[in-house]
Amino acid sequence: MSDLIPLAQAHCLPRKGSEHKLSEARIRELLPEVPGWELTEDGHALNRTFSFKNYYRTMSFVNALAHMANREDHHPDLGVHYDRCVVRYSTHDVGGLSENDFICAAKADILYG
């Protein structure tokens, strides 16, 4: 990913192996680009809770997120509730966070609008 391309406009690339795991310094650089997201699991995951007025809106977001995840071939863990969806990104194949996690977090923010 080029630093000149906004995260929400970038696309995920296959990431396997620890060489694709982001350093703490790189995570600190990228985190301000996805406001509302927080580091969890000792910096190995990104989490955000999206709130909605009702179940229908929650499910609409979940379905749009699933479509985006399929297109990017990068899938979050979800906790779906009546009025909220908890989204967690981490890249199992690298053992922590990759640029794909930040790309998809930015795309989720756009879907939330």
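This is a short walk through one structure, from its strands to its aromatic rings and its salt bridges.

Okay, before anything else: what you're looking at is a predicted model. Keep that in mind as I go.

Let's start with the strands. I'd begin at β4, which covers residues 84-89. Which strands does β4 pair with? On one side of the bookkeeping there's β2, residues 45-51, joined to β4 by 6 bridges, and those two run antiparallel. Then there's β3, residues 77-81, which is also antiparallel to β4, with 5 bridges between them. β3 and β4 make a hairpin, and 2 residues sit between them.

If you want one residue to click on here, take V86. Its bridge partner is T49, and G79 stands opposite V86 as well.

Now look at the side chains along β4, because there's a nice alternation. Which ones are buried and which aren't? C85, V87 and Y89 point to one face and are buried. R84, V86 and R88 point to the other face, and they are not buried. Hold on to Y89 and R88, since both come back.

While we're in the strands, a quick stop at S51 in β2. S51 has a relative accessible area of 45%, so it goes down as partly exposed. Leaving out residues up to four places away in sequence, S51 touches D83, R84 and Y112. And for a sense of scale, S51 and P35 are 16 residues apart in sequence, with their C-alphas 15 Å apart in space.

Next, aromatics. How many aromatic pairs does a search of the whole structure find? The number is 8. Let me take one of them, F52 with F61: the ring centres are 5.2 Å apart and the planes sit at 40 degrees, so this pair is tilted. To spell that out, stacked needs planes under 30 degrees apart and edge-to-face needs over 60, with the rest called tilted. F52 and F61 are both buried.

Those two also belong to something wider. W37, F50, F52, F61, Y89 and Y112 form one aromatic cluster. So there's Y89 again, from the buried face of β4, and Y112, which we just met as a contact of S51.

Over to the surface for a moment. Y55, L78, V80 and Y82 form a nonpolar patch there, with about 390 Å² of accessible area together. Y55 is in helix α2, and at 45% relative accessibility it counts as partly exposed.

Right, salt bridges, which I suspect is what you'll want to argue about. The count comes to 10. I'll show three pairs.

Pair one is D93 with K16, where the closest N and O atoms are 3.2 Å apart. That pair links distant parts of the chain: D93 is in the loop between β4 and α3, K16 is in the segment before α1, and they're 77 residues apart. K16 is exposed, at 59% relative accessible area, while D93 is partly exposed at 41%.

Pair two is E41 with R88, at 2.6 Å, N to O. This one also connects distant parts of the chain, with E41 in the loop between β1 and β2, R88 in strand β4, and their positions 47 residues apart. E41 is partly exposed, with a relative accessible area of 44%, and R88 is partly exposed too, at 22%. The cut-off for buried is under 20%, which is why R88 lands in the partly exposed class at 22%.

Pair three: E72 and K107. Are they buried or exposed? Buried, in both cases: E72 has a relative accessible area of 5%, and K107 has 9%. Their closest N and O atoms are 3.7 Å apart. E72 sits in helix α2, K107 in helix α3, 35 residues away in sequence. And what does E72 touch, not counting residues up to four places away in sequence? A10, H11, C12, C104 and K107. So K107 shows up as a contact and as the salt-bridge partner.

One last thing on charges. Salt bridges that share partners join R15, R26, E29 and E99 into one network.

That's my tour. Happy to take questions.

Notes. Residues numbered from 1 in each chain as written. Predicted model: local features only at pLDDT ≥ 70, side-chain atom pairs only at ≥ 80, totals over all residues. Heavy atoms only, no water. Phe/Tyr/Trp six-rings, centres within 6.5 Å; stacked < 30°, edge-to-face > 60°. Buried < 20%, exposed > 50% of the residue type's maximum accessible area, 1.4 Å probe, protein only. Contact = heavy atoms within 4.5 Å. Helix = DSSP H or I, 4+ residues; strand = E, 2+ residues; numbered from the N terminus. Pairing = 2+ DSSP bridges. Patch = residues over 30% accessible without salt bridge, like charges linked within 9 Å, V, L, I, M, F, W, Y side chains within 5 Å. Areas by Shrake-Rupley, 256 points an atom, 1.4 Å probe, with all protein chains shown as cover. Salt bridge = Lys/Arg side-chain N within 4 Å of Asp/Glu carboxyl O.
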